[in-house]
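Q: I have a model open and would like to learn how to read its packing. Could you take me through it step by step?

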Amino acid sequence: MKDSSDPSSSKPIRSTLLPYGQQWLDEQDIEAVVKVLRGDFITQGPAIEAFETKVADYVGVKYAVAFTNGTAALHAACFAAGIGEGDEVITTPLTFLASSNCVLYQGGTPVFVDIDMDTYNVAPAEIESKITERTKAIIAVDFTGQPVEIDRISMIAHDHNLVLIQDAAHSLGASYAGRRVGAWADMTMFSFHPVKHVTTGEGGIITTDNEEYYRKLVLFRSHGMTKDPEKLIKNDGPWYYEMQELGYNYRMTDMQAALGVSQMDKLDSFVARRREIAAIYNEKLGMLPGIVIPGQHPDAESSWHLYVIRFLPDYFHGNRRDWFEALRTEGIGVHVHYIPVYLQPYYQKMGYAQGLCPNAEKYYSSAITLPLFPKMTDSDVSDVIKAVNKIHAHFCLN
Ligand SMILES: *Cc1c(COP(=O)(O)O)cnc(C)c1O
């Protein structure tokens, strides 16, 4: 006889899988894209600047430069920061691959700094201990949408003359000490992948107040090529263009930019709904023994891209894979963010050792991401809570 609390012996909470994240597109978005398709420019047209201005104004900076995706935007930021062969760049292992791959693209060396076990963001005190003569930049990642301690990290960057890049793929709409993310670092990257706060299908942007970085980003996005008469080394005539740096074709299309403009109108309502759902999770799951809800720094106002719970292993039988699979069986599309980057085979071959960042590895062995996106209904939210309770009751040791 199976125990009545055995999840496999009872009806699943949901019959269809609830994804962990999903875009929200409406008729206004569709019309915005169709309007571009009926117009004169589908790329390199006016929608790009409109989108860049919208994002720059929203975060409160002078410049924004749109790219094909967030990874390309990070690559461009590394170029603008002057990262090259032999340069070290400090970042976190608890992030998507792009945050450190962009350093490798430029021939630099990522240096991984361990996380704080409360916020899961990079621990500022650990950053200082990893700075060497070769350190050129810091790429700080706002994991789950909670801003890093950007005031402290800015001071460290300033004291050591380092360029500060904020990977804010998770934190559009978030603030730190009352100031929007996007206006703090030398350059800040946002991603517009469909699971992120607003989407352009694929897309990314860098925001900055620095005119020199701005010019380099624009150059890098389009083959390193310029037609600006003031920048040309010589000038053969009105057709003349000059390639002055090795750049790429990292341009966003006007269809995407128009979608971005339309999506930005809804950003605040999207973030408000995400915060509402996170507050319900905090309240309902925070009281389950052995479940750890995400800690928040008092100055951080998260925009809640992800909601992660951790299972304290001593309270449960089985392991993360068991808890994960049981939640999937209940129809809850749980996920894991992230495998510490340096544990990837490619990085292991480069010589990064296991055990390099013990907190990140401990986090990884016990974390599960729950569904969180603005289109979730109250009944979806309640299904997630029921499923976690069911799995908790089944695996809990007493
Ligand atoms: C999504 C993401 C990126 C890059 O995004 P793409 O637009 O998919 O290239 C970079 N860093 C983090 C932390 C992300 O989550």
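Q: What is the handedness of the crossing of helix 3 and helix 4?
A: Glad you started there. In this predicted model, helix 3 and helix 4 cross in a right-handed sense.

Q: How is a pair of packed helices described in general?
A: Two quantities do the job: the angle between the axes and the distance between them. Here, helix 3 (residues 70-80) and helix 4 (residues 98-105) have axes that come within 9 Å and cross at roughly 45°. Helix 3 and helix 4 are therefore oblique to each other.

Q: Which residues in helix 3 and helix 4 meet?
A: From helix 3, look for Thr 71, Leu 74, His 75 and Cys 78; their partners in helix 4 are Ala 98, Ser 99, Cys 102, Val 103 and Tyr 105. Sorted by class, this contact has 6 nonpolar and 3 polar residues, with no charged ones.

Q: Let's zoom out. Into which domains is the protein chain divided?
A: There is domain 1, spanning 27-264, and domain 2, spanning 267-395. Their C-alpha centres are 27 Å apart. Domain 1 brings 41 residues to the contact, and domain 2 brings 39 residues.

Q: How is the size of an interface often given?
A: A common choice is the accessible area lost when the parts come together. Between domain 1 and domain 2, the buried area is about 3400 Å², with 60% of it from carbon and sulfur atoms.

Q: Which three residues supply more than any other three of the area that domain 1 buries against domain 2?
A: Select Met 117, Tyr 120 and His 197: together they supply 19% of that domain 1 area.

Definitions and conventions. Residues are numbered from 1 along each chain as its sequence is written. This is a predicted model: local features need pLDDT of at least 70, side-chain atom pairs count only at pLDDT 80 or more; totals for chains, interfaces and linings use all residues. Side-chain values use heavy atoms; hydrogens and water are left out. Axes are lines fitted to C-alpha atoms, for helices over the stretch in contact, and angles run from 0 to 180 degrees between N-to-C directions. Helices (H or I, at least four residues) and strands (E, at least two) are DSSP runs, numbered from the N terminus. Angles under 35 degrees count as roughly parallel, over 145 as roughly antiparallel, 65 to 115 as roughly perpendicular and the rest as oblique. A crossing is left-handed if the near helix is turned anticlockwise from the far one by less than a right angle, and right-handed if clockwise. Contact means heavy atoms within 4.5 Å. Ala, Val, Leu, Ile, Met, Phe, Trp, Tyr, Cys and Pro count as nonpolar, Asp, Glu, Lys and Arg as charged, and the others, Gly among them, as polar. Domain bounds come from an automatic or database domain assignment. Buried area is the accessible area (1.4 Å probe) that two parts lose on being put together, summed over both.
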